[in-house]
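The following explanation leads through one protein model, residue by residue and contact by contact. Please keep the coordinates open while reading.

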Amino acid sequence: SISNTIPILGAMSGTFAICPGQSGQVYTVPPANGASTYNWTVPSGVNITSGLGTNSITVSVNVGFSVGNICVTATSTCGTVSAPRCKTISSTLAGVPGNIVGQSSGVCGQTMTYSVPAVSGVISYNWSAPAGATITSSNGSNSIDITYPSNFTTGQLCVTAVNGCGSSAPRCINIKGVPNTPAVINGPSSVCSGDQGLSYSISPVSGAAGYVWTVPAGATIIA
């Protein structure tokens with residue numbers, strides 16, 4: 001049997017889990033019988049630095065690269081193009097940490113614990129405390145203790161994940177010293193003169209040390 005087609009290209013070799021910002025990454029397919037040139041396509045954020053038209057290329061990877069496919073086809077002297085050979089390449093940079101768990105209001109004058117879910121492959125977690133607050137436990141784990149001064153107002157608590165490729169983008173939450181605004185007051189809004197024992201309440205407010213109630217003129221707090 002005689003054919004002018006290019007056989008299916010062999011398996012691609014190279015490093016398919018990469019650190020963004022690297023250069024000199026090489027990807028190769030075995031030479032194909034009858035192939036005169038090779039056409040490579042790379043994902044956004046990856047640049048071919050040498051080897052265009054050959055069965056082996058060298059690439060550089062931009063800092064912001066995440067994931068994509070690298071593909072190659074071979075073209076014969078007859079102009080026939082082979083089926084593509086593709087592989088997925090992806091960044092091994094640590095992802096943004098998960099949601100920060102911990103009290104975000106009513107923290108003035110207190111020491112609070114915060115954490116993010118631990119992720120496999122992360123070497124450490126780098127926390128930054130709001131201005132005026134102090135990290136009072138070892139920085140590097142997925143859990144941290146923060147001490148706030150009595151005059152603390154507002155600020156941001158942030159954390160990044162670190163692995164062999166570097167640091168992730170940060171996860172941040174806003175922290176404020178005062179408690180949150182109380183929610184809806186539960187109790188009757190229509191009353192009669194002389195009514196007694198009417199009860200009003202709100203849901204507990206995180207970080208509140210006490211509650212100050214004011215009542216309309218002519219009404220008295222009895223408990």
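A nonpolar patch of about 740 Å² lies on the surface, made by I185, V191, L198, Y200, Y211, W213, V215 and I221. One of these residues, V191, is placed in the segment after β14. The model is a predicted one, and the patch, like every other feature described below, is computed from its atoms.

Aromatic rings come next. A pair of such rings is described by the distance of the centres and the angle of the planes. Two aromatic pairs are counted by the rule applied here. In one, F16 and Y27 are tilted, with 5.7 Å from centre to centre and 40° between the planes. This pair links distant parts of the chain, since F16 belongs to the segment before β1 (17–18) and Y27 to strand β2 (residues 23–28), 11 residues apart. Both of these residues, F16 and Y27, are buried. Y148 and F152 form an aromatic pair that is likewise tilted, with a centre-to-centre distance of 4.9 Å and an angle of 55° between the planes. Y148 and F152 are both buried. The ring of F16 has a further partner: K87 lies over its face, at 4.8 Å from the ring centre.

Strand β2 also holds Q25. Is Q25 buried or exposed? Q25 counts as buried because its relative accessibility is 13%, and the limit for that class is under 20%. Beyond its neighbours up to four places away in sequence, Q25 touches T15, I18, I57, T58 and V59. The C-alpha atoms of Q25 and V61 are 8.3 Å apart in space, although the two residues are 36 apart in sequence.

A further buried position is found in strand β6 (residues 67–76), where T73 is located. T73 is classed as buried because its relative accessible area is 14%. Which residues does T73 touch, not counting those up to four places away in sequence? T73 is in touch with L9, T37, Y38 and N39, and also with V81, S82, A83 and P84.

The loops give a varied picture of exposure. In the loop between β13 (166–167) and β14 (171–176) one finds S168. Although placed in a loop, S168 is buried, with a relative accessible area of 7%. Apart from residues up to four places away in sequence, S168 touches A94, G95, V96 and P97, together with T160 and A161.

G140 has its place in the loop between β10 (134–135) and β11 (143–147). Its relative accessible area is 23%, so G140 is partly exposed; that class lies between the buried limit of under 20% and the exposed limit of over 50%. When its neighbours within four places in sequence are left aside, G140 is in contact with S124 and Y125. G140 and N126 are 14 residues apart in sequence, and their C-alpha atoms are 5.4 Å apart in space.

The loop between β12 (154–163) and β13 contains G164. At a relative accessibility of 71%, G164 counts as exposed. Not counting residues up to four places away in sequence, G164 touches C19 and I123. How far apart in space are G164 and C19, C-alpha to C-alpha? The distance between G164 and C19 is 8.2 Å, with their positions 145 residues apart in sequence.

N99 is located in the loop between β7 (85–91) and β8 (111–115). With a relative accessible area of 56%, N99 is exposed, yet N99 has contacts with S115, V116, P117 and R171 when its neighbours within four places in sequence are left aside. N99 and L52 are 47 residues apart along the chain, and their C-alpha atoms are separated by 44 Å.

Technical notes. Residues are numbered from 1 along each chain as its sequence is written. This is a predicted model: local features need pLDDT of at least 70, side-chain atom pairs count only at pLDDT 80 or more; totals for chains, interfaces and linings use all residues. Side-chain values use heavy atoms; hydrogens and water are left out. Helices (H or I, at least four residues) and strands (E, at least two) are DSSP runs, numbered from the N terminus. Buried means under 20% relative accessible area, exposed over 50%, partly exposed in between (1.4 Å probe, protein chains only). Contact means heavy atoms within 4.5 Å. Rings of Phe, Tyr and Trp (its six-membered ring) pair if their centres lie within 6.5 Å; planes under 30 degrees apart count as stacked, over 60 as edge-to-face and the rest as tilted. A charge sits over a ring if NZ of Lys or CZ of Arg is within 6 Å of the ring centre and within 35 degrees of the ring normal. Patches are made of residues with over 30% relative accessible area and no salt bridge: like charges are joined within 9 Å, nonpolar side chains (Val, Leu, Ile, Met, Phe, Trp, Tyr) within 5 Å. Accessible areas come from the Shrake-Rupley method with a 1.4 Å probe; for residues, only the protein chains shown count as cover. A salt bridge is a side-chain nitrogen of Lys or Arg within 4 Å of a carboxyl oxygen of Asp or Glu.
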